[in-house]
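Q: I have a protein model open and would like to learn how to read its features. Could we go through it together?

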Amino acid sequence: KWVCACKEHGVTEVWLCIDGTNNDSTAEAVEFIEKGKAKSHKNVGIIGCMMAVDAETGLPITERIYRGSQVDSKAFIEIMAYLRRYDIKVSGVIVDRGFCDIRCLELIMDLKLHYIIMMKENTYGFHTMYESHADKLRMKCVNGMGRGIYAISDECRMFGKYDKTSWITLAYDSVNGHARANYLFDKVNNFIDKANRQLAKGDKVTIEKSLKSYIVAIKEA
């Protein structure tokens, strides 16, 4: 009934959003649970989910639940066939970083769907983009006075053992980055002030482990 209502209100195109309950789900005795690696790195039960949302508004249209953290071709084909009965087209897929692997990418490309995939930091494509464009991105941020999100896109391989290329975007949130940088500057300066007061009293100063990359203590002869 809901899909029919969405169709009557003009929904003709959807994107599929793929994610999993991998944040230490506590579900038990559920048919679809499958052990897998959670965000805490524990081997806990995971359930996968796929939601179709209106391409224009993001309104949820329908969903499917499947076993574990690995989406397969059957899950794609089933939901696409179901939506096709209502003349609703699946245009693309949005994938959480937990599903960022060669197998999932090949499935999407075989189905000739557009895709947006959040990449893991250890992915070949991320390192390629970082080494090639991080300096340019920093300069954009500096020239733009650090207000906003700065991004650079380039075409390269997402995975080292996969010869097909994708357009990959490396983004930097300057607001978040500056907030963290200011916190670090304050922490360093506060520690130096505290250390100078301790030295003036003749007390021993011990540099915190987290600050040893930024502060060096030199004893004058």
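Q: Which residues lie nearest the centre of the largest pocket, and how many residues line that pocket?

A: Happy to help, and please keep in mind that this is a predicted model. The residues nearest the pocket centre are I117, M118, M119, I168 and T169. In total, 23 residues line the largest pocket. The space inside comes to about 650 Å³.

Q: Which helices and strands supply the lining, and which one gives the most?

A: At least two lining residues come from each of β1 (13-20), β5, β6, α4 and β8 (165-173). The most come from β8, with six residues. Sorted by class, the lining holds 16 nonpolar, two polar and five charged residues.

Q: Now a helix, please. Which residues of α3 are buried?

A: Start with the general idea: an α-helix has 3.6 residues a turn, so residues three or four places apart point the same way. In this model, helix α3 spans residues 102-110, and its buried residues are C104, L105, L107 and I108. Looking down the axis of α3, you find these buried residues within an arc of 160 degrees, so they line one face of the helix. Their cover includes α2 (73-84), β5 (89-95) and β6 (114-117). After α3 comes K112, which has a positive phi, near 60 degrees.

Q: What about a residue in a loop: is T123 buried or exposed?

A: A residue counts as buried when its relative accessible area is under 20%. T123 has 5% relative accessibility, so T123 is buried. You will find T123 in the loop between β6 and α4 (124-143).

Q: Which residues does T123 contact, beyond its neighbours within four places in sequence?

A: Those contacts are C100, M158 and F159. You can also look at G160, which is 37 residues from T123 along the chain. The C-alpha atoms of T123 and G160 are 8.3 Å apart.

Q: Which residues touch the most other members of the largest nonpolar core?

A: F76 and L83 do, in a core of 40 residues. Helix α2 provides the largest share of this core, six residues. Try selecting L83: setting aside residues up to four places away in sequence, L83 touches V14, A52, I61, T62, I88 and V90.

Q: Which residues are found in the other core, apart from the largest one?

A: That separate core has six residues, including F191, I207, L211 and I215.

Notes: Residues are numbered from 1 along each chain as its sequence is written. This is a predicted model: local features need pLDDT of at least 70, side-chain atom pairs count only at pLDDT 80 or more; totals for chains, interfaces and linings use all residues. Side-chain values use heavy atoms; hydrogens and water are left out. Buried means under 20% relative accessible area, exposed over 50%, partly exposed in between (1.4 Å probe, protein chains only). Helices (H or I, at least four residues) and strands (E, at least two) are DSSP runs, numbered from the N terminus. The arc is that of the directions from the helix axis to the C-beta atoms. Contact means heavy atoms within 4.5 Å. On a 1 Å grid over the protein atoms alone, a cavity is a set of points where a 1.4 Å probe fits but cannot get out, and a pocket is an open set with protein on both sides within 12 Å along at least five of seven lines; lining residues have an atom within 4 Å of a point. Grid points are joined across faces, edges and corners, and a volume is the space filled by probe spheres set on the points. Ala, Val, Leu, Ile, Met, Phe, Trp, Tyr, Cys and Pro count as nonpolar, Asp, Glu, Lys and Arg as charged, and the others, Gly among them, as polar. A nonpolar core is a set of buried Ala, Val, Leu, Ile, Met, Phe, Trp, Tyr and Cys residues joined through side-chain atoms within 4.5 Å.
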